[in-house]
Amino acid sequence: MTIPALPVSARAFIPQQPPIVMIDNILVCEEERFVTNFLIRFDNVFVENGRMRESGLMENIAQTCAARVGFCAADQKVPRGVIGGISRFELQQLPNVGETLTTTIRVVAGVASALVVDAEVYVGKKAIAACSMKVFITED
């Protein structure tokens, strides 16, 4: 498979379907760093009173992990995964409808079907959230 030029739409590389899609594009794919973006729309299921909730930020990070796994899977079926744990979640502010999230994950460890990442979410140049996340890739 030819690796697509970046940026590229993330939809083909994640198992999630609307209305739960929480990333738009893959911007950067490096061995230890992976970056996506996402425009927050008013009809997003994680939006309440014009702001994305904490759970939406966590799902955005999880889908960034999923996109990395799917992008690296090349011609194979896009794998599914589950969040195994979230630690050190820090929230500076909830983002507003109309803002674009830029989410960066850095791989801390990858063993068998487990991936541990440190994640940061930005709106523009302002860091709004960060955490460490464990994701387990499942057979289905």
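Here is a walk through the fold, from its overall build to a few backbone details. The model is a predicted one, so please read each value below as something computed from that prediction.

Let's begin with the whole chain. The protein contains 1 helix and 9 strands, and their order along the sequence is β-β-β-β-β-α-β-β-β-β. The C-alpha trace spans about 40 × 30 × 30 Å along its principal axes. What radius of gyration would a compact globule of 140 residues have? The expected value is near 14 Å, and the protein has 14 Å, so the two agree. Contacts that reach across the sequence also matter to the picture: among contacts with a separation of 6 or more, 60% link residues 24 or more positions apart. Of the 140 residues, 40% count as buried. The surface that remains exposed comes to about 7500 Å², with carbon and sulfur atoms supplying 52% of it.

Next, follow the strand pairing, with S7 as a guide. Strand S7 covers residues 100–111 and pairs with strand S3, residues 33–39, in an antiparallel arrangement joined by 7 bridges. To find your place in that pairing, look for Thr36, whose bridge partner in S7 is Thr103. Strand S7 also pairs with strand S8, residues 114–123, again antiparallel, and here there are 10 bridges. A useful landmark in this second pairing is Thr102, which stands opposite Tyr122 in S8. S7 and S8 make a hairpin with 2 residues between them, and in that turn Ala112 has a positive phi of about 50°.

Now move to the interior. The largest nonpolar core has 36 residues, and Ile26, Met52, Leu57 and Leu101 are those with the most contacts inside it. Which elements give two or more residues to this core? They are S3, helix H1 (54–72), S7, S8 and strand S9 (126–138). H1 gives the most, with 8 residues. Leu57 makes a good starting point for exploring: leaving aside residues up to four places away in sequence, it touches Met52, Leu91, Leu94, Pro95, Leu101, Val121, Ile128 and Ala129. Aromatic side chains offer another set of landmarks, since Phe13, Phe34 and Phe71 form one aromatic cluster. The count of aromatic pairs comes to 2.

Finally, a few backbone details deserve a look, beginning with the prolines. The peptide bond from Leu6 to Pro7 is cis, with omega near 0°, and Pro7 sits in the segment before strand S1 (8–9). A cis peptide bond also joins Pro18 and Pro19, with omega about 10°. Pro19 belongs to the loop between S1 and strand S2 (25–29).

Positive phi values appear in residues that are not glycine, too. Asn49 has a phi of about 55° and lies in the loop between strand S4 (47–48) and strand S5 (51–52). Is Asn49 buried or exposed? Its relative accessibility is 76%, so Asn49 counts as exposed, the cut-off for that class being over 50%. Arg88 likewise has a positive phi, near 55°, but its place is in strand S6, residues 80–91. With a relative accessible area of 56%, Arg88 is exposed.

Technical notes
Residues numbered from 1 in each chain as written. Predicted model: local features only at pLDDT ≥ 70, side-chain atom pairs only at ≥ 80, totals over all residues. Heavy atoms only, no water. Phe/Tyr/Trp six-rings, centres within 6.5 Å; stacked < 30°, edge-to-face > 60°. Pairing = 2+ DSSP bridges. Helix = DSSP H or I, 4+ residues; strand = E, 2+ residues; numbered from the N terminus. Core = buried A, V, L, I, M, F, W, Y, C linked by side-chain atoms within 4.5 Å. Buried < 20%, exposed > 50% of the residue type's maximum accessible area, 1.4 Å probe, protein only. Contact = heavy atoms within 4.5 Å. Rg over C-alpha atoms; globule rule 2.2 N^0.38 Å. Areas by Shrake-Rupley, 256 points an atom, 1.4 Å probe, with all protein chains shown as cover.
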